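Please look through the sequence and the model below before reading on, and keep both in view while the text leads you from one place to the next.

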Amino acid sequence: MSEKKKPTTRDIAKACFVSQSAVSMILSGRTDVHFSEGTIQLVKQTADAMGYIYKPRRKRSLVNSSNVVLVACPSLSTQYYTTLVQSITAAAEKKGLYVLTACTNRVKEQEEHYLHMAVDCGYFGVIYTYPPRAVSLLNKIYKEIPMVLVSDYNPELKLELLELDSMKSGQLIASHLHGLGHTHIAYVSTPLNELEIPRLRRLEGIKSVWRKEGLDTSLIQVLAAKKEGQAPGENKHYHTGYHLTLEYIESHPPEPATVFVGTNDFVAVGIMDALTGLGYRVPKDFSVCGFDNMLVSSFSGISLTTIEHSIVKKGEYAMTMLQNQKDLMKEGQHKSAPKLRVEYEPQLIVRGSTGKAPQR
């Protein structure tokens, strides 16, 4: 013999000629909705007669925000930032922490909004992956919440710094190219302005070697995009390298460069595609190199000479620095503790995209 079926709110609603939602609201004691006293009594009496027992739903406990790390990045359009964020996330998971990635597009107002959110919600800490614009706000709140900057050194900021000197990176590339006999360089970049410190310092590193070798820095031609914007699904860095190279070749410069230096690997890949599309050979006709040593750079069809920036290690150690700050805050020592500055040395990775300067 089957067990008697337990009554439901649907059964009560059917018996009382009201909606099932009305039954639920009446039995749960909702005060923000209005029903006539007769309807309320009818529903309750019918529920009792049917033997219905109301069981309130368990309320979900509020999410704990103190185990969240905010990672601020300008975009996720290049493998540099996606790799860095993945590395930080993996290191955070080992500590039982969660990562919230905020793509700010380098807009100051967006940075400030996320920073206020991190403080108001009591986040574990903040990691910046690029030179911030909200400098004054960061200098106000850095003692309230652990913060680490992964970028070039900025004397205006009081944050702990995980640095890779982009000027040294430029010097390594320039010394390699000078040793191959190159004198005329085309430096191809996304927009160059005061916000893009690594791009500017890489260029300055190349120029410093040329000055040291007694070469005129006018031999270094700068090809820079005017706008930072990017449509969804596009890679602005690749397109920048591709289109600026086409424009340069089509302009027929009187003393053309023998080597193109992309401000990052994706710019460099765009350069290579433009050159090969025009029928040129890399590195026999033109050499090409970049920065960051992305995975794609090692592919056999690309084999790009580039600079290793220890992206994965930087992400891992950024979490270590954040944890150290958190521990000092718990002990009440963070205000007097010195700010830590760790510098990773860049390494030159020579591959098949660079060769001896061709004779023009």
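Proline 283 lies in the loop that runs between helix α10 (265–277) and strand β9 (287–289), and this is a good place to begin, bearing in mind that the whole model is predicted. The peptide bond that leads from valine 282 to proline 283 is cis, with an omega angle near 10°.

Two further loops each hold a residue whose backbone deserves a careful look. In the loop between α1 (9–16) and α2 you will find phenylalanine 17, which has a positive phi of about 60° although it is not a glycine. Phenylalanine 17 has a relative accessibility of 77%, and because exposed means over 50%, this residue counts as exposed. The other residue is asparagine 105, placed in the loop between β2 (98–103) and α5 (108–120); its phi is also positive, at about 55°, and asparagine 105 is not a glycine either. With a relative accessibility of 52%, asparagine 105 is over the 50% cut-off and therefore counts as exposed.

From these loops we can turn to the empty space in the model. The largest pocket has a volume of about 390 Å³, and of the 14 residues that line this pocket, the closest to its centre are Ser24, Ser28, Tyr54, Pro56 and Arg57. Helix α2 (residues 20–27) gives the largest share of the lining, with four residues. When the lining of the largest pocket is sorted by class, six residues are nonpolar, three are polar and five are charged.

Definitions and conventions. Residues are numbered from 1 along each chain as its sequence is written. This is a predicted model: local features need pLDDT of at least 70, side-chain atom pairs count only at pLDDT 80 or more; totals for chains, interfaces and linings use all residues. Side-chain values use heavy atoms; hydrogens and water are left out. On a 1 Å grid over the protein atoms alone, a cavity is a set of points where a 1.4 Å probe fits but cannot get out, and a pocket is an open set with protein on both sides within 12 Å along at least five of seven lines; lining residues have an atom within 4 Å of a point. Grid points are joined across faces, edges and corners, and a volume is the space filled by probe spheres set on the points. Helices (H or I, at least four residues) and strands (E, at least two) are DSSP runs, numbered from the N terminus. Ala, Val, Leu, Ile, Met, Phe, Trp, Tyr, Cys and Pro count as nonpolar, Asp, Glu, Lys and Arg as charged, and the others, Gly among them, as polar. Buried means under 20% relative accessible area, exposed over 50%, partly exposed in between (1.4 Å probe, protein chains only).
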